[in-house]
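Thank you for making time for this at the group meeting. Please bring up the sequence and the model on your screens, and I will talk you through a few parts of the fold.

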Amino acid sequence: MSNINTLIAYLNPKKHKGGSSGTLEYHFIKIDEDFLNENQDVLSKNITKSIKKKLEDPLSSPYTQINASSVLYVEVKGGEISYYFQKEINGVTKYLTLENLLNNQSSNDFFVALDDSNFVKIEEQDQLYYHKAQEAIYTRNTQLAEIQIFSKRALYYNPKELGGLTNGSYLLDFKDAKGYTGGFIERVLGDLTDEIDSSDTAKRQVLVELNSKEGNLYWYPDKVISNNNEVTLFYDYHPTENDDFEVDPYKEGFAIKLTFKNVEGFLGFMMVTYFQNGISILDTSEGSNKYNFCKKYLDIIYLLLERSKNNINEALTYLYYIPSEVFETEVLKYRDPKNKEKTTFGVGYLWKTIGVALEGMLTNYGVNSEDIILKLLHGIKLTQKDEEYKVKEKNDEVLKQLLIRKTSSKNSYLLTLYGKLNTSSFVVYNTFIYKLWRNSSFTDPANEVFSKTSPLVETKNPNTPRLILPYKTNKLAGFYSSNMNLEFTETGNIVVTPHESVIADVVKVLHPDLGELVEKFTEEDWQSEYHPLQPVFIADASKDKAIAVQRFSPMLLLKANEDKSFWSNMATAGEYGVDVITTLSGVGNLAKFRHLARIVKTAETLNKSNKFIRTYTIYKTVKGAAAGAEITSGTVNALLKITNVKEKELGKAISEFLFWLELASLSGEIALATKNGIKSTAKKLFKKETEFEKLLEKQVNYPDPKKRISRVDKYKILKELREIAELDIDTALKDYLLFRPKLAHKVNQTTKLWRAKSLVSITKTEIIELFIRHLDDFPGLVKGHNQADFKIKFFDKGKQVDEVSEFSLSGYKQRILDRFGNPPKLPANTIDVFENYDEFTKFVTGAYDLTGKPRKYDSEIKFIYNFLKNHVNKADEFVIETSNIFATCTSCSREFVMLEEYLKTLGKKVKFVVKTDEAVSGFTDLKELYPEIKGIMKKYERMYDKLKKKK
């Protein structure tokens with residue numbers, strides 16, 4: 001996350017519309033020369049800080065917590081600050097450099113004696129963080145937010161509150177029209193599939209210039225300058241709202257100046273700063289500042305669309321960023337000097353754009369034209385002021401236009417869109433059509449549009465349709481089936497014929513040579529022809545369908561269900577055809593199937609190789625988090641680089657694993673057979689574990705940077721594939737159960753030493769913060785549960801490779817279910833012991849304190865169970881930090897000691913840092929020692945009681 005995101009959050013008008021008292025906010029304060037000059041006053045306005053309403057995910061945060069038992073000192077020389085950590089060793093004061101600490105070189109050997117005459121001790125030592133981009137240490141101070149009444153006319157500005165943001169060039173982080181954000185992994189994958197290049201990165205560039213003077217600003221840019229493809233925004237000091245500040249608005253050129261090197265960067269900035277935060281571009285009730293800015297924005301949009309009238313990809317790119325409400329602005333028109341209409345939003349413009357797009361190829365490769373076209377269809381409903389599809393005449397009009405508007409090949413827009421939408425947008429489109437249809441005149445079988453196919457009219461058509469169709473569906477062993485075939489005619493109608501045998505579906509895929517023979521014994525001889533929008537009643541309304549088909553549906557929806565079912569069946573068939581998956585040969589051998597043939601045709605149009613096709617397909621699967629495939633895009637990207645390996649068995653195993661992922665992408669769901677296939681091929685990789693690890697290590701040092709993987713990639717590949725293969729999950733639990741009774745009575749003295757080494761006093765702020773963090777969403781936590789945060793850091797050969805944060809609460813099963821529901825609704829990262837509760841119960845049976853009292857349901861015991869089940873095989877060294885509102889008792893400490901001893905038998909190391917107040921054994925102690933908590937408890941007890949009454 002770059003610092004520019006801090007500025008974007010700062011400029012969001014909705015963020016500044018007041019706050020609520022009693023909530024916490026987190027001040028990350030930079031330890032620099034300014035901080036020292038202000039005598040380390042954390043409330044000073046002259047220090048660099050970043051204020052956050054909530055803590056970020058550690059994996060995406062720019063701040064990494066520093067865990068050092070030593071005291072931080074700093075020295076300033078020539079404007080440069082250096083950081084040192086002090087420790088007494090054999091009566092001598094020595095120091096460790098920040099560089100050594102970051103490189104995990106923190107043993108006594110790395111501490112040295114230094115001239116500390118100019119060293120300054122930092123008073124705020126509890127929460128230290130390292131900001132890698134700035135190479136600086138921050139201290140985190142938690143404060144209760146004050147209610148701030150902001151002027152409706154001005155935005156308070158202090159450059160020191162922008163988290164160290166300085167003048168310079170930055171890359172904006174937003175999801176662009178190709179579906180990519182600015183993240184590193186996405187840039188790698190985009191380059192791999194040739195979807196993005198350096199020009200896409202350049203489009204995100206923004207030059208930031210900040211005035212150093214504090215003051216009040218206009219809420220929105222007061223000046224906007226657009227020059228060719230470059231846009232500059234000026235946030236100026238407000239001329240009448242700065243009496244309390246030492247700034248003369250008339251003498252300052254600007255407070256904030258943002259120069260976007262490409263107009264797409266400007267559009268992305270507008271999207272993430274304003275539109276995604278609920279700011280309306282059409283609501284100009286906030287005064288002339290916003291009115292003028294919005295008008296300038298619309299002028300830029302009109303100009304861009306006029307400029308791109310002969311380039312549909314460029315037009316769709318711009319339309320992606322525009323808020324949908326703009327489509328309502330039929331009356332706002334851009335006119336040239338001769339007063340001729342050039343570009344207008346509204347229904348006419350939208351239909352015209354869709355028509356032009358349909359003349360080319362719709363795809364989500366490159367510009368996501370499929371998704372953007374669906375946005376334009378939705379925009380048509382916006383122009384009608386009928387988003388809920390309630391007005392029959394307006395629904396009729398959209399369906400009528402889809403039928404009468406034709407492409408150059410004389411096909412209706414309705415069926416052209418049906419044929420060209422191949423991703424998840426296929427289902428979205430057909431759902432859109434159904435929403436229009438269900439409240440339209442097309443539900444009437446006597447509608448004149450159906451005159452040639454209506455069962456109510458005598459015609460010469462021998463394929464007279466049935467109004468009530470005995471259409472049935474089923475799903476068995478992962479296969480969808482129905483009792484009918486549906487195919488398009490050359491005129492765009494749909495012909496229905498009976499197809500009674502589920503067996504035929506399976507046999508035709510697995511044994512094509514037998515398919516014709518089976519059909520002769522299973523098919524009836526009748527057919528009916530329907531208009532795509534013609535209504536039918538179906539006999540079977542079961543849920544075993546690929547698309548939600550209603551009892552009363554248009555024929556097109558049944559056809560969509562058949563096509564979606566066919567695609568899913570192709571993947572399921574491959575799951576059982578073992579001979580098909582012995583090698584990954586691209587999609588060539590599968591191209592006979594209709595869905596895959598479409599993909600191949602698209603790829604051939606793009607002049608891409610088979611390798612591209614499978615790369616693209618797998619990437620899209622993972623990017624879309626297809627139905628629970630627990631594997632990240634980084635792992636797939638890395639595996640794709642090493643498919644052509646000399647070791648045949650290993651190369652084959654890698655290829656088979658990727659093939660299973662590809663099958664998952666085609667079915668849109670992970671059926672049992674697919675899961676087993678992915679799992680079994682992952683296990684094959686670990687049958688050659690030594691060779692696999694050597695191969696990955698070789699790839700880390702590969703000379704070609706395009707084929708090289710990072711050491712973090714290597715670790716993630718091993719970690720994720722181990723999880724998928726479910727290796728050693730049960731083994732660790734079983735071994736520990738055997739290990740625990742042998743050691744339980746032998747570690748009492750060791751436990752005392754461990755507590756002296758590992759327990760750290762938790763601060764008042766930290767314990768209150770931990771107590772109230774989840775209460776707004778989960779007030780039941782106020783009823784006596786210990787709450788514990790756990791952070792696990794994973795190390796491979798001394799280098800940190802991952803970090804996981806988890807939440808655990810004490811309590812037995814029924815109490816948790818009574819208070820939080822069944823299944824319980826708890827914070828997202830809560831350790832789950834209910835998934836296999838019998839296993840958990842067996843594991844904790846031997847947990848008891850020194851008096852023999854069972855301690856089965858302590859938060860620490862639950863953590864140990866989860867650690868052994870899910871994390872123990874991910875690294876060879878761990879640092880486990882935990883914060884608790886209750887004291888970590890001796891029995892839990894003993895469990896930690898036994899875990900440490902058990903890990904030693906595996907050749908692994910662990911270090912514990914336990915933040916706790918040993919005087920707090922329960923809620924009685926908590927309230928007495930921290931009186932502030934009494935009022936908080938009463939508030940959330942009332943909230944909890946109200947929620948219980950509602951239930």
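Let me begin with a question: in β16, which residue is the bridge partner of Val206? Before I answer, I should say that what you are looking at is a predicted model, so everything I describe today is computed from that prediction. The answer is Phe260, which is the bridge partner that Val206 has in β16.

To place that pair, it helps to look at the whole chain for a moment. The protein chain has 951 residues, of which 52% are buried, and its secondary structure comes to 32 helices and 31 strands. The accessible surface is about 45,100 Å², with 50% of it belonging to carbon and sulfur atoms. If we take the contacts with a separation of 6 or more, 69% of them are between residues 24 or more positions apart.

Now back to the sheet with Val206 and Phe260. Five strands make up this open sheet, in the order β11-β12-β16-β15-β14, and the pairing is antiparallel. The strands at the edges are β11 and β14, the latter covering 223-227, and each of them pairs on one side only. From one strand to the next, the twist averages 20 degrees.

Let us walk across it. Strand β11, residues 168-171, is joined to β12 by four bridges, and here Ser169 stands opposite Leu207 of β12. Next, five bridges join β12 to β16, which spans residues 256-260, and these two strands run antiparallel. Strand β16 in turn pairs with β15, residues 230-235, again over five bridges and in the antiparallel sense, with Leu233 standing opposite Leu258 of β16.

What do the side chains do along strand β12, residues 205-210? They alternate: Val206, Val208 and Leu210 point to one face and are buried, whereas Gln205, Leu207 and Glu209 point to the other face and are not buried. So that you can place the two residues we have already met, Val206 belongs to the buried set and Leu207 to the set that is not buried.

Two helices should be mentioned together with this sheet. Helix α1, residues 4-11, lies across β11, β12, β15 and β16, and runs at about 120 degrees to β16. Helix α7, residues 288-307, packs on the sheet as well, where it touches β14 and β15, and its direction makes about 10 degrees with that of β14.

Phe260, the residue from my opening question, also takes part in something else. Ring pairs link it with Tyr220, Phe266, Phe269, Tyr274, Phe275, Phe293 and Tyr297 into a cluster. There are also charged side chains over rings: Lys223 lies over the face of Phe234, at 5.1 Å from the ring centre, and Arg204 lies over the face of Phe174, at 4.6 Å from the ring centre.

Let me now turn to a second sheet, further along the chain. This one is also open and has five strands, in the order β27-β31-β30-β28-β29, but its pairing is mixed. At its edges stand β27, 759-761, and β29, 799-809, and each has a single partner strand, so one side of each is left without a neighbour in the sheet. Neighbouring strands are turned by 20 degrees against each other on average, with direction ignored.

Within this sheet, strand β28, residues 787-796, and strand β30, residues 877-884, pair in the antiparallel sense over eight bridges, and Ala788 stands opposite Asn884 of β30. Helix α29, residues 859-870, lies across β28, β29 and β30, and runs at about 135 degrees to β29.

A search of the whole structure finds 33 aromatic pairs, and I would like to show you one of them. The rings of Phe896 and Phe912 have centres 4.8 Å apart and planes at 35 degrees, so this pair is tilted. Since Phe896 lies in helix α30, residues 890-905, and Phe912 in strand β31, residues 909-916, the pair ties together parts that are 16 residues apart in sequence. Phe896 counts as buried, at 0% relative accessibility, and Phe912 is buried too, with a relative accessible area of 4%.

Finally, how many of the nine residues of helix α26, residues 764-772, are buried? Seven of them are, so the helix is largely enclosed by the rest of the structure. The buried residues are Glu766, Ile767, Ile768, Glu769, Leu770, Phe771 and Ile772.

How values were computed: Residues numbered from 1 in each chain as written. Predicted model: local features only at pLDDT ≥ 70, side-chain atom pairs only at ≥ 80, totals over all residues. Heavy atoms only, no water. Phe/Tyr/Trp six-rings, centres within 6.5 Å; stacked < 30°, edge-to-face > 60°. Buried < 20%, exposed > 50% of the residue type's maximum accessible area, 1.4 Å probe, protein only. Lys NZ or Arg CZ within 6 Å of the ring centre and 35° of its normal. Pairing = 2+ DSSP bridges. Contact = heavy atoms within 4.5 Å. Areas by Shrake-Rupley, 256 points an atom, 1.4 Å probe, with all protein chains shown as cover. Axes fitted to C-alpha atoms, helices over the stretch in contact; angles between N-to-C directions.
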